[in-house]
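Here are a few exercises to work through with the model open beside you. Take your time with each one before reading its solution.

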Amino acid sequence: MSASDASARWAHHISVYPVPRGDESLNAEVEQYLSGKGTLKFLLAKPIPYGLIARVAAQLAAEKKAEH
């Protein structure tokens, strides 16, 4: 895949990874956005759920903090 092919794909969505693993209710909410193993894909043609993405980021930060 060339760099321009990759850029063209990214022009259609935003990806977030890894997927948090510790919160079952959050996992249920992000299920519709799962794309592959451990990646969330948000299509730019649809409204971006910024609040959900913020909760995913907060959960990932909490998981990392718990590891240390």
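**Exercise 1: the two sides of a helix**

On the other side of H3 from its buried residues, Tyr-50 and Lys-65 are exposed. Keep in mind that this is a predicted model.

Task: find which residues of H3 are buried, and what covers them.

Solution:
- Start with the helix itself: H3 runs over residues 50-67, has 18 residues and reaches 26 Å from its first C-alpha to its last.
- Next, pick out the buried residues, which are Leu-52, Ile-53, Val-56, Gln-59, Leu-60 and Glu-63.
- Look down the axis of H3: these buried residues fall within an arc of 120°, so they line one face of the helix.
- Finally, look at the cover, which includes strand E1 (13-16), helix H2 (24-30) and strand E2 (40-43).

**Exercise 2: a charged network**

Task: trace the salt bridges that join Arg-21, Glu-63, Lys-64 and Glu-67.

Solution:
- Begin at Glu-63, whose side chain meets that of Arg-21 in a salt bridge (3.6 Å, N to O).
- Place the two partners: Glu-63 lies in helix H3 and Arg-21 in the loop between E1 and H2, so the pair ties together parts that are 42 residues apart in sequence.
- Compare their surroundings: Glu-63 is buried at 13% relative accessible area, whereas Arg-21 is exposed at 59%.
- Move on to Glu-67, which forms a salt bridge with Arg-21 (3.5 Å, N to O) and another with Lys-64 (3.7 Å, N to O).
- Put the pieces together: through shared partners, these salt bridges join Arg-21, Glu-63, Lys-64 and Glu-67 into one network.

Methods:
Residues are numbered from 1 along each chain as its sequence is written. This is a predicted model: local features need pLDDT of at least 70, side-chain atom pairs count only at pLDDT 80 or more; totals for chains, interfaces and linings use all residues. Side-chain values use heavy atoms; hydrogens and water are left out. Helices (H or I, at least four residues) and strands (E, at least two) are DSSP runs, numbered from the N terminus. The expected span of a helix is 1.5 Å times one less than its number of residues. Buried means under 20% relative accessible area, exposed over 50%, partly exposed in between (1.4 Å probe, protein chains only). The arc is that of the directions from the helix axis to the C-beta atoms. Contact means heavy atoms within 4.5 Å. A salt bridge is a side-chain nitrogen of Lys or Arg within 4 Å of a carboxyl oxygen of Asp or Glu.
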